[in-house]
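Please open the structure in a viewer and keep the sequence panel visible. The tour below proposes one selection after another and describes what is found at each stop.

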Amino acid sequence: MLKVQISRGGSVPFEFRVAANLFCGENLLDNGRFIGDIEISGEILDDGLKCVTRGKIKCRKQFSCDRCLTQATVSQVTDFDEEIDGADIVDDYVELTELVRDNLIASQPIQNLCKADCRGLCPVCGKNLNDGACECENFKVDPRLAPLMNFKSFEEV
């Protein structure tokens with residue numbers, strides 16, 4: 001899908017724009033999906049000893065926030081810089097599809113958040129705390145530490 005003809009001993013720029021649903025499919029991510037077009041740009045450098053590809057992947061991702069469960073869409077930019085195995089070069093062409101897909105997947109965050117300071121949901125009533133505070137009593141004592149509540153403070157003595 002993403003083939004580039006290399007220049008032995010030189011540099012070759014490349015640019016691709018592919019539909020996310022065709023490039024990634026629907027089930028690539030556990031939580032969310034890529035939407036719109038994925039833009040891939042960069043260059044392949046061949047110095048006669050090794051072949052290296054460097055570039056950027058720009059895309060948009062839609063997902064449910066892991067803290068507040070709202071739908072969110074973010075833009076992502078992923079840089080890559082990898083040496084190309086000689087077996088991947090056939091008739092002076094390099095297939096970049098798997099390399100780009102692997103870098104895109106590896107760059108995904110462990111936790112998908114709608115914004116960096118997402119406050120999540122109230123553990124008592126379930127209100128989205130990004131919309132404002134709730135009226136719940138949020139002080140909960142860890143049951144393992146509850147016996148410590150029976151100790152008297154110095155002020156009470």
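In which kind of contact do the side chains of Arg144 and Asp142 meet? Select both residues in this predicted model: their side chains meet in a salt bridge, with 2.5 Å from N to O. Arg144 counts as exposed because its relative accessibility is 70%. Asp142, with a relative accessible area of 27%, is partly exposed. Side chains of opposite charge can pair when their charged atoms come close.

**Stop two: a network of charges**

The structure holds six salt bridges. Select Arg17 and Asp37 next; they form one of these contacts, and their closest N and O atoms are 3.1 Å apart. Arg17 belongs to strand 2 (residues 11–19) and Asp37 to strand 3, so this pair ties together parts that are 20 residues apart in sequence.

Now add Glu39 to the selection. Arg17 forms a salt bridge with Glu39 as well, and here the closest N and O atoms are 2.8 Å apart. Because Arg17 lies in strand 2 and Glu39 in strand 3, the pair ties together parts that are 22 residues apart in sequence. How exposed are the three residues? Arg17 counts as exposed, at 57% relative accessibility. Asp37 counts as partly exposed, at 37%, and Glu39 is likewise partly exposed, at 31%. Salt bridges that share partners join Arg17, Asp37 and Glu39 into one network.

**Stop three: the two faces of strand 2**

Keep Arg17 in view and select the whole of strand 2. Which residues form its covered face, and which its uncovered one? The covered face consists of Val12, Phe14, Phe16 and Val18. On the uncovered face are Ser11, Pro13, Glu15, Arg17 and Ala19.

Next, show strand 3 (33–46) beside strand 2. The two strands pair in the antiparallel sense over nine bridges. Within strand 3, Gly42 stands opposite Phe14.

**Stop four: Thr53**

From Phe14, move to Thr53, a residue that Phe14 touches. Thr53 lies in strand 4, which covers residues 51–64. Is Thr53 buried or exposed? Its relative accessibility is 0%, and therefore Thr53 counts as buried.

Display the surroundings of Thr53. Leaving aside residues up to four places away in sequence, Thr53 touches Phe14, Glu43, Ile44, Phe80, Asp81, Glu82, Ile84, Leu96 and Leu99. For Glu43, look also at the backbone: its oxygen lies 3.4 Å from a polar atom of the Thr53 side chain.

**Stop five: helix 2**

Leu99, one of the residues that Thr53 touches, leads to the next selection. Leu99 is among the buried residues of helix 2, together with Thr97, Val100, Arg101, Asn103 and Leu104. Against which elements do the buried residues of helix 2 pack? They pack against helix 1 (20–23), strand 3, strand 4, strand 5 (71–84) and strand 7 (93–95).

**Last stop: a nonpolar patch**

Finally, select Val141, in the segment after helix 2 (97–106). Val141 has a relative accessible area of 32% and is therefore partly exposed. Extend the selection to Leu145, Leu148, Met149 and Phe151, which form a nonpolar patch on the surface with Val141. Together, the members of this patch have about 520 Å² of accessible area.

Methods: Residues numbered from 1 in each chain as written. Predicted model: local features only at pLDDT ≥ 70, side-chain atom pairs only at ≥ 80, totals over all residues. Heavy atoms only, no water. Helix = DSSP H or I, 4+ residues; strand = E, 2+ residues; numbered from the N terminus. Buried < 20%, exposed > 50% of the residue type's maximum accessible area, 1.4 Å probe, protein only. Polar contact = N/O pair within 3.5 Å; in protein donor to acceptor, adjacent residues only side chain to side chain. Contact = heavy atoms within 4.5 Å. Patch = residues over 30% accessible without salt bridge, like charges linked within 9 Å, V, L, I, M, F, W, Y side chains within 5 Å. Areas by Shrake-Rupley, 256 points an atom, 1.4 Å probe, with all protein chains shown as cover. Salt bridge = Lys/Arg side-chain N within 4 Å of Asp/Glu carboxyl O. Pairing = 2+ DSSP bridges.
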